[in-house]
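Below is a walk through one protein model, from the whole chain down to single residues. Keep the sequence and the structure in view while reading.

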Amino acid sequence: MAYNNLFHAQVADGIFLISSDTNGPDADGRSLLPGKATPNSYLVIGKEKALLFDLAIDEKGLKEYAESLAGKPVMLALSHAHYDHIFHIEQFSEVWLHEADVPLLQGNRVGTRKVNSCPPLHYLAEGDVIDLGDRILDVIHIPGHTPGSVLLLDRHTDVLLSGDTGARRLLYGITPSVSLDELCNSLRRLKEYDFSVMYSAHDRCSIPKAHLDTMLDVIIHDMPHAKKEMTIPGIGTMLCTSRGKETETAFFVMASLLRNE
Ligand SMILES: [Zn+2]
């Protein structure tokens, strides 16, 4: 089967970034350097099975691509249920996600899409462990980007797969969730976990743990003074503030919903 534009890169021992070269920041579309937003799924390969984190790429061949790369059964887990993380979800026989994001699969909120033939769901919760055989992933629940956003910590590599939560761009408020104070408390709690770098669903570069301090600083100190407004079609008007350059790792933009369209 042709996999169209899919490619992969190993970012840590047994952890593969899978993306599409139609969205890359450079000429061949495969650069892992910091740049514009890209859609990325991650495959974590254990001894007995593998886990695909997010269906971030609108390519029907992603499931087969991940299975052939893993060479063993692949379970699907979602960092959250926004429309751009669930492409072709009906191809899977089971899905793991946090229960609080299940309503998003009904497609009646901004940033969501109705799934017509949803596979059977299993729920992930704070403190759960996923055992891939010789490889344990810890489930960390951080409501904020969505009510049911989860992150996965791979104990083997100390890599945190951080979804849209530990990221260089944070969209907040498009899916009503918790207060910014509560989100900040969760980010402080996240700092207590043992990990060295994060990989987000929309960045291909590794993000150092210290980025969480930047996020907290921007949310607490810059956001109250933010004046820049940006309209995102289909979502609404966002209030934005940013630090750094998009082409450098130390970049962060926060966009919080002011009003729906
Ligand atoms: Zn999202």
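Among contacts in the protein between residues at least 6 apart in sequence, what percentage join residues at least 24 apart? The figure is 60%. The model is a predicted one, and every value here is computed from it.

The protein contains three helices and 17 strands. Its radius of gyration is 17 Å, close to the 18 Å given by the globule rule for 261 residues, so the protein is as compact as a globular protein of that length. The C-alpha trace spans about 50 × 40 × 40 Å along its principal axes. Of the 261 residues, 41% are buried.

Two of the sheets are taken in turn here. Strands of a sheet pair through backbone hydrogen bonds, and the pairing is either parallel or antiparallel.

One open sheet has six strands in the order S8-S9-S10-S11-S13-S14, and its pairing is mixed. Strand S8 (129-131) and strand S14 (207-208) stand at the edges; each has a single partner strand, so one side of each is left without a neighbour in the sheet. Within this order, strand S11 (residues 159-163) pairs with strand S13 (residues 197-200) in the parallel sense, over four bridges. One residue pair to look for is Val159 and its bridge partner in S13, Val197.

Edge strand S14 holds Ile207. Is Ile207 buried or exposed? Ile207 has 24 other C-beta atoms within 10 Å; the threshold for buried is 20 or more, so Ile207 counts as buried. Leaving out residues up to four places away in sequence, Ile207 touches Gly166, Arg168, Val197, Met198, Ser200 and Thr249. Val197 in that list is the bridge partner of Val159. From Ile207 to Val44 the sequence separation is 163 residues, and the C-alpha to C-alpha distance is 18 Å.

A further open sheet has four strands in the order S12-S17-S16-S15, again with mixed pairing. Its edge strands are S12 and strand S15 (228-232), each of which pairs on one side only. On average, neighbouring strands of this sheet are turned by 30° against each other, direction ignored. Strand S16 (residues 236-243) and strand S17 (residues 252-260) pair in the antiparallel sense over eight bridges. In this pairing, Leu239 stands opposite Ser256 in S17.

Edge strand S12 (residues 169-172) includes Leu171. With 22 C-beta neighbours inside 10 Å, Leu171 counts as buried. Apart from its neighbours within four places in sequence, Leu171 is in contact with His145, Asp164 and Ala255. Leu171 and Met238 are 67 residues apart in sequence, while their C-alpha atoms are 8.7 Å apart in space.

The helices come next. Helix H3 (residues 211-222) lies across S12, S16 and S17 and runs at about 45° to S17. Two packed helices are described by the angle between their axes and the distance between the axes. The axes of helix H2 (residues 180-190) and H3 come within 10 Å and cross at roughly 160°. This angle makes H2 roughly antiparallel to H3, and the crossing of H2 and H3 is left-handed. On the H2 side the contact is made by Leu180, Cys184, Leu187, Arg188 and Leu190. H3 contributes Leu212, Met215, Leu216, Ile219 and Ile220.

Note on methods
Residues are numbered from 1 along each chain as its sequence is written. This is a predicted model: local features need pLDDT of at least 70, side-chain atom pairs count only at pLDDT 80 or more; totals for chains, interfaces and linings use all residues. Two strands pair if DSSP finds at least two bridges between them. Helices (H or I, at least four residues) and strands (E, at least two) are DSSP runs, numbered from the N terminus. The radius of gyration is taken over C-alpha atoms; the globule rule is 2.2 Å times the number of residues to the power 0.38. A residue is buried if 20 or more other C-beta atoms lie within 10 Å of its own, exposed if 12 or fewer, and partly exposed in between; C-beta atoms are placed from the backbone. Two residues are in contact if their C-beta atoms, placed from the backbone, lie within 7 Å. Axes are lines fitted to C-alpha atoms, for helices over the stretch in contact, and angles run from 0 to 180 degrees between N-to-C directions. Angles under 35 degrees count as roughly parallel, over 145 as roughly antiparallel, 65 to 115 as roughly perpendicular and the rest as oblique. A crossing is left-handed if the near helix is turned anticlockwise from the far one by less than a right angle, and right-handed if clockwise.
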